Amino acid sequence: MPGGPYDHAVSRAASAFHSYVRRSDDRRLERTLGSPRGLRFLFGRAARAYRPDVMPALAGDLAFDLRLADGTHRPWTVAVGPAGATARAGEAASPALLVRTGVADFIRIAAGEIDTGGALLDGRLDIEGDFDVAQQLGAMFGRSGPY
C-alpha cells in the first residue's frame with residue numbers, strides 16, 4: 001500500500017542518505033560509503049531497486065570502475081536481466097556498459113548532487129559501451145532522471 005510504513009521508512013532512509021552526502025567532503029565519503037562495506041551496501045540497494053521493465057531485453061553486466069583519491073580502484077559489477085539484478089565486487093569480463101568515475105563523484109551522482117551530463121563534460125565521468133543503456137541507467141535503478 002503506497003504511503004504505508006514501509007514507504008515512509010524508505011523515504012526517511014533516502015532523505016538521510018542525501019543529507020549525509022550533502023554535508024560530507026570527498027574524504028569522508030571515500031572513508032565511509034566508499035569503503036568495501038559502504039559500496040556493498042550501495043550496490044546491494046541498487047540491485048534491489050533494479051527495474052527490468054525499463055529495458056526488458058537487457059541481460060548482461062554493468063561495470064563500475066571507481067577510483068579513490070589515492071589512485072586505488074574499486075571495481076563493481078551489477079549483473080542485470082529479466083529476473084532482476086545482483087551486485088558483486090570485481091570486474092566484468094565483457095560489460096554492456098562501463099562507467100569510470102571517482103568514488104566521491106559516484107556517490108554524489110547517486111544522491112542526485114552531481115549532474116551526469118556535467119560530470120561527462122568535466123571529464124569526471126567516462127562511459128563506454130551501449131549508450132542506450134547509459135541513458136536509461138537512472139530509470140533502471142529507480143531514479144526519475146538520467147544516471
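The following exchange walks through a predicted model, from one buried helix outward to its salt bridges, sheet and core.

Visitor: On what footing do the numbers stand, and how are residues numbered?
Guide: This is a predicted model, in which local features need pLDDT of at least 70 and side-chain atom pairs count only at pLDDT 80 or more, while totals for chains, interfaces and linings use all residues. Side-chain values use heavy atoms, with hydrogens and water left out, and residues are numbered from 1 along each chain as its sequence is written.

Visitor: Is helix α4 largely enclosed or open, and how many of its residues are buried?
Guide: Helices (H or I, at least four residues) and strands (E, at least two) are DSSP runs numbered from the N terminus, and buried means under 20% relative accessible area, exposed over 50% and partly exposed in between, with a 1.4 Å probe and protein chains only. The buried positions of α4 are V103, A104, D105, F106, I107, R108 and I109. Helix α4 (residues 103-110) is therefore largely enclosed by the rest of the structure, the buried share being seven of the eight residues.

Visitor: Which residue that follows α4 has a positive phi?
Guide: The backbone after α4 includes a residue whose phi is positive, near 80°. That residue is G112.

Visitor: What surrounds R108, and which backbone oxygen lies 3.1 Å from a polar atom of its side chain?
Guide: R108 lies in helix α4 and counts as buried at 11% relative accessibility. Leaving aside neighbours within four places in sequence, R108 is in contact (heavy atoms within 4.5 Å) with V21, S24, D25, D26, L29, E113 and I114. The backbone oxygen 3.1 Å from a polar atom of the R108 side chain is that of V21.

Visitor: With which residue does R108 form a salt bridge?
Guide: A salt bridge is a side-chain nitrogen of Lys or Arg within 4 Å of a carboxyl oxygen of Asp or Glu, and by this rule the count comes to seven. The closest N and O atoms of the R108 pair, whose other member is D26, are 3.1 Å apart. Since R108 lies in helix α4 and its partner in helix α2 (residues 26-31), the pair ties together parts that are 82 residues apart in sequence. The partner counts as partly exposed at 39% relative accessibility, and its name is D26.

Visitor: Which residues belong to the network made by salt bridges that share partners?
Guide: E128 forms a salt bridge with R100, with the closest N and O atoms 2.3 Å apart. This pair links distant parts of the chain, as E128 is in strand β5 (residues 125-129) and R100 in strand β4 (residues 97-102), 28 residues apart. E128 is partly exposed with a relative accessible area of 38%, and R100 counts as partly exposed at 28%. Through shared partners, salt bridges join into one network D65, R100, D126 and E128.

Visitor: In what sense do β1 and β4 pair, and which residue in β4 is the bridge partner of D65?
Guide: Two strands pair if DSSP finds at least two bridges between them, and β1 and β4 pair in the parallel sense over six bridges. The bridge partner of D65 in β4 is R100.

Visitor: How many residues lie between the strands in the hairpin that joins β2 to β3?
Guide: Strand β1 (residues 60-67) pairs with strand β2 (residues 73-81) in the antiparallel sense over eight bridges, and the hairpin of β1 and β2 has five residues between the strands, where G71 takes a positive phi near 95°. Strand β3 (residues 84-89) runs antiparallel to β2, joined to it by six bridges, with W76 opposite A89 in β3. The hairpin from β2 to β3 passes through two residues.

Visitor: Which element gives the most residues to the largest nonpolar core?
Guide: A nonpolar core is a set of buried Ala, Val, Leu, Ile, Met, Phe, Trp, Tyr and Cys residues joined through side-chain atoms within 4.5 Å; among the 37 residues of the largest one, L62, F64 and I107 touch the most other members. Elements that give two or more residues to this core include α1 (5-22), α3 (36-49) and α6 (131-140). The element that gives the most, with five residues, is α4.

Methods
Polar contact = N/O pair within 3.5 Å; in protein donor to acceptor, adjacent residues only side chain to side chain.
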